[in-house]
Amino acid sequence: MCEEAHRQVIWCLAALGQRSNALRHYEVARQLFADELGVDLEAETARLRSVVGEGNIDVLQGRRDHLTDGSDALRPHDGQHEPASATPPARNQSGLLS
């Protein structure tokens, strides 16, 4: 029952090009929270659903400058660190990380 975790799943599915699965997961989460807790999903989650529904790939790739509140809801994170770089760490001649 962690909404942030559901946002992470939605974001990851969409970022992997699985937009329909991401939208389906949103609906499953929405129904779960309504049935179990009697609440609606947070505005951040609804915004993410809108972005996924529109297919806005720039936002899904971490470009979220159009958001007026500066929310990090559209970019996965662990709450403490920035996402890992896509560039692998440098290795020396023996193959060890330098």
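Contact here means that heavy atoms lie within 4.5 Å of each other. In this predicted model, Met-1 touches Leu-32, Phe-33, Glu-36 and Leu-37 in that sense, when residues up to four places away in sequence are not counted.

**The start of the chain**

Met-1 is placed in the segment before α1, and with a relative accessible area of 52% it is exposed, because the cut-off for that class is over 50%. Two of its partners can also be described by C-alpha separations: the C-alpha atoms of Met-1 and Leu-37, which are 36 residues apart along the chain, are separated by 9.1 Å, while those of Phe-33 and Met-1, 32 residues apart along the chain, are separated by 7.5 Å.

Phe-33 itself belongs to helix α2 and, at 4% relative accessibility, counts as buried. Apart from neighbours within four places in sequence, Phe-33 is in contact with Met-1, Cys-2, Glu-3 and His-6, and also with Gly-38, Val-39 and Leu-41. One of these partners, His-6, lies in helix α1 and is likewise classed as buried, with a relative accessibility of 15%. Leaving out residues up to four places away in sequence, His-6 touches His-25, Ala-29, Leu-32 and Phe-33.

**The chain as a whole**

The protein chain holds 4 helices and 0 strands, so that, read from the N terminus on, its elements follow the order α-α-α-α. Of its 98 residues, 28% count as buried. Among the contacts in the protein chain with a separation of 6 or more, 50% are accounted for by residues 24 or more positions apart.

**Packing of the helices**

The table gathers the axis geometry for three helix pairs.

| Helix pair | Angle between axes | Axis distance |
|---|---|---|
| α1 and α2 | about 165 degrees | 7 Å apart |
| α2 and α3 | roughly 155 degrees | within 10 Å |
| α1 and α3 | roughly 10 degrees | within 10 Å |

Helix α1 spans residues 3-15 and helix α2 spans residues 19-37, and the angle at which they pack is about 165 degrees. Because angles over 145 degrees count as roughly antiparallel, α1 and α2 are assigned to that class. The crossing in which α1 passes α2 is left-handed. On the α1 side the contact is made by Glu-3, His-6, Val-9, Ile-10, Leu-13 and Ala-14, and on the α2 side by Arg-19, Asn-21, Ala-22, His-25, Tyr-26, Ala-29, Leu-32 and Phe-33. Sorted by class, this contact of α1 with α2 has 9 nonpolar, 3 polar and 2 charged residues.

Which residues of α2 and α3 meet each other? From α2 they are Arg-19, Ala-22, Leu-23, Tyr-26 and Glu-27, and from α3 they are Thr-45, Ala-46, Arg-49, Val-52, Gly-53 and Glu-54. These residues divide into 5 nonpolar, 2 polar and 4 charged. Helix α3 covers residues 43-54, and its axis crosses that of α2 at roughly 155 degrees, so α2 and α3 are roughly antiparallel to each other. The crossing of α2 and α3 is left-handed.

For α1 and α3, the axes cross at roughly 10 degrees; since angles under 35 degrees count as roughly parallel, that is the class to which α1 and α3 belong. Their contact is made by Glu-3, Arg-7, Ile-10, Trp-11 and Ala-14 of α1, together with Glu-44, Thr-45, Leu-48 and Val-52 of α3. By class, the contact of α1 with α3 has 5 nonpolar, 1 polar and 3 charged residues.

Some residues recur in these lists. Glu-3, Ile-10 and Ala-14 of α1 take part in the contact with α2 and are also named in the contact with α3. Arg-19, Ala-22 and Tyr-26 of α2 are listed in the contact with α1 and again in the contact with α3.

**Cysteines**

A disulfide is a covalent bond between the sulfur atoms of two cysteines. How many disulfides does the count come to? With the rule that the two cysteine sulfur atoms be within 2.5 Å, the count comes to 0 disulfides. As for accessibility, Cys-2 counts as partly exposed at 42%, and Cys-12 is partly exposed as well, with a relative accessible area of 35%. Both values fall in that class because it takes in what lies between buried, under 20%, and exposed, over 50%.

Definitions and conventions. Residues are numbered from 1 along each chain as its sequence is written. This is a predicted model: local features need pLDDT of at least 70, side-chain atom pairs count only at pLDDT 80 or more; totals for chains, interfaces and linings use all residues. Side-chain values use heavy atoms; hydrogens and water are left out. Buried means under 20% relative accessible area, exposed over 50%, partly exposed in between (1.4 Å probe, protein chains only). Axes are lines fitted to C-alpha atoms, for helices over the stretch in contact, and angles run from 0 to 180 degrees between N-to-C directions. Helices (H or I, at least four residues) and strands (E, at least two) are DSSP runs, numbered from the N terminus. Angles under 35 degrees count as roughly parallel, over 145 as roughly antiparallel, 65 to 115 as roughly perpendicular and the rest as oblique. A crossing is left-handed if the near helix is turned anticlockwise from the far one by less than a right angle, and right-handed if clockwise. Ala, Val, Leu, Ile, Met, Phe, Trp, Tyr, Cys and Pro count as nonpolar, Asp, Glu, Lys and Arg as charged, and the others, Gly among them, as polar.
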